[in-house]
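Reader: I should be grateful for a close look at one part of this structure, with attention to the strands and to the side chains around them.

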Amino acid sequence: MNNKKRILSLLLALLMMCTSFSAFSTAAYAANKTKYYDQKVQYNSQSASCNFDSKHYVEYRRDKNKIYVYNSLGGKVKKKISTSNKFVMRLVIKGKYIYFSDYDGGIYRVGIDGKGMKKILNGGYDFIIAKDKIIYGVIDYKSKKVNIYSTNMSGKSKKKIGTTGSWSKFFTYGDNLYFISGKKLCVYNLKKNKKKTYSADKSLASYTLVSMQGKTLYFAKETGFDDAVKSSFYKMDVSKRKVKKIIGTKKMVYGNTALVYKDAVYELSGNCYGNFVKITDKKKKQYGNALYEACSQAFYKDTVIASKVDRNENILGYKKVVKVD
């Protein structure tokens, strides 16, 4: 009888261990999946020309001059929003609103239902949404620098944060905003409104910040002029601040518009418009013969997407280009 109890106890213990391991594995997988999903949403909302959440997918159609709201990429159109002849440059979903900037640097807010269109800021061609703040850059053409400001979600309580290069972007991770300031990395805490600068193991003066996934920053470095422009790419962990080359010098017209994810670059082969290519340190692969627009690369779940254009430079909507892990 005691032997039977021992065997039953052992079987029960093994069952509990298997169940616990299975639950742990499922939780670990879900956490990892969420991590990468969040990183891609982070990139979209802070760098690209489109965005999505769990219920919506939004893109701008220049040929129709409207913002299209879908239930998913390639899914049913839920709403078409007129932009009143405004040339849309960036757009981001935040809660029940769509925020977008136009060619003249105005930043607007409109409900996902198409109601309540309102201009809330001037001068913000590039902007991101971080926490409950709008972070935007204003170009100073005299100094060829970009002054970075923050406001609340209504475009009020303006505060200057710092200055970065004319092509360099700015990104957030946690409570911190990251950007290049001169030769150093600048870290601005959005909650405490405090700024610190840190030296990397190399001067960052000749680098352009192009992307951020998690706590890893990605930089581009350009050399040459016009059709002879070449770019190389680097990454840096914000806690270690050691710059590491991931892709050697490649001929690229606009390396500073690249989407960099892990150790690969997704970019166009032409100037402003071109074929879509994936570049690693060892090879360059082209995807199809369709034309896409520069500055349009983004993520949709596990896929890199870009805006397809016709020969008259009309944006025909975002298309899936290549799957990433």
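In what order do the four strands of the open sheet stand, and is the pairing parallel or antiparallel?

Author: The model is a predicted one. In the sheet in question, the order is S1-S2-S3-S4, the sheet is open, and the pairing is antiparallel. The edges are taken by strand S1, residues 51–52, and strand S4, residues 77–82; each has a single partner strand, so one side of each is left without a neighbour in the sheet.

At the S1 edge, the partner is strand S2, which comprises residues 57–61; the two run antiparallel and are joined by two bridges. One bridge can be named by its residues: Asn 51 has Val 58 in S2 as its partner.

The side chains of this region may be considered next. Tyr 57 belongs to a single aromatic cluster together with Tyr 68 and Tyr 70, and residue 57 falls within the range given for S2, 57–61. Tyr 68 also has a charged neighbour, for Arg 61 lies over the face of its ring, at 5.5 Å from the ring centre.

Other aromatic contacts deserve mention for context. The count of aromatic pairs comes to seven. One of the pairs is formed by Phe 100 and Tyr 108, which are stacked, with 5.2 Å from centre to centre and 10 degrees between the planes. Stacked is the term applied to planes under 30 degrees apart. Phe 100 and Tyr 108 are both buried.

A charge over a ring is found again at Tyr 149, where the charged end of Lys 158 sits over the ring, 4.4 Å from its centre. Beside Lys 158 in the numbering is Ser 157, which is found in the loop between strand S11 (145–151) and strand S12 (159–165). The phi of Ser 157 is near 60 degrees, a positive value in a residue other than glycine. Most residues other than glycine have a negative phi. Ser 157 counts as exposed because its relative accessibility is 58%, and the cut-off for that class is over 50%.

A positive phi also occurs at Arg 241, again a residue other than glycine, with a value near 55 degrees. Arg 241 is placed in the loop between strand S19 (230–237) and strand S20 (244–251). With a relative accessibility of 26%, Arg 241 counts as partly exposed.

To return to the part requested: the open sheet has the order S1-S2-S3-S4 with antiparallel pairing, and Arg 61 lies over the face of Tyr 68, a member of the cluster with Tyr 57 and Tyr 70.

Methods:
Residues numbered from 1 in each chain as written. Predicted model: local features only at pLDDT ≥ 70, side-chain atom pairs only at ≥ 80, totals over all residues. Heavy atoms only, no water. Pairing = 2+ DSSP bridges. Buried < 20%, exposed > 50% of the residue type's maximum accessible area, 1.4 Å probe, protein only. Phe/Tyr/Trp six-rings, centres within 6.5 Å; stacked < 30°, edge-to-face > 60°. Lys NZ or Arg CZ within 6 Å of the ring centre and 35° of its normal.
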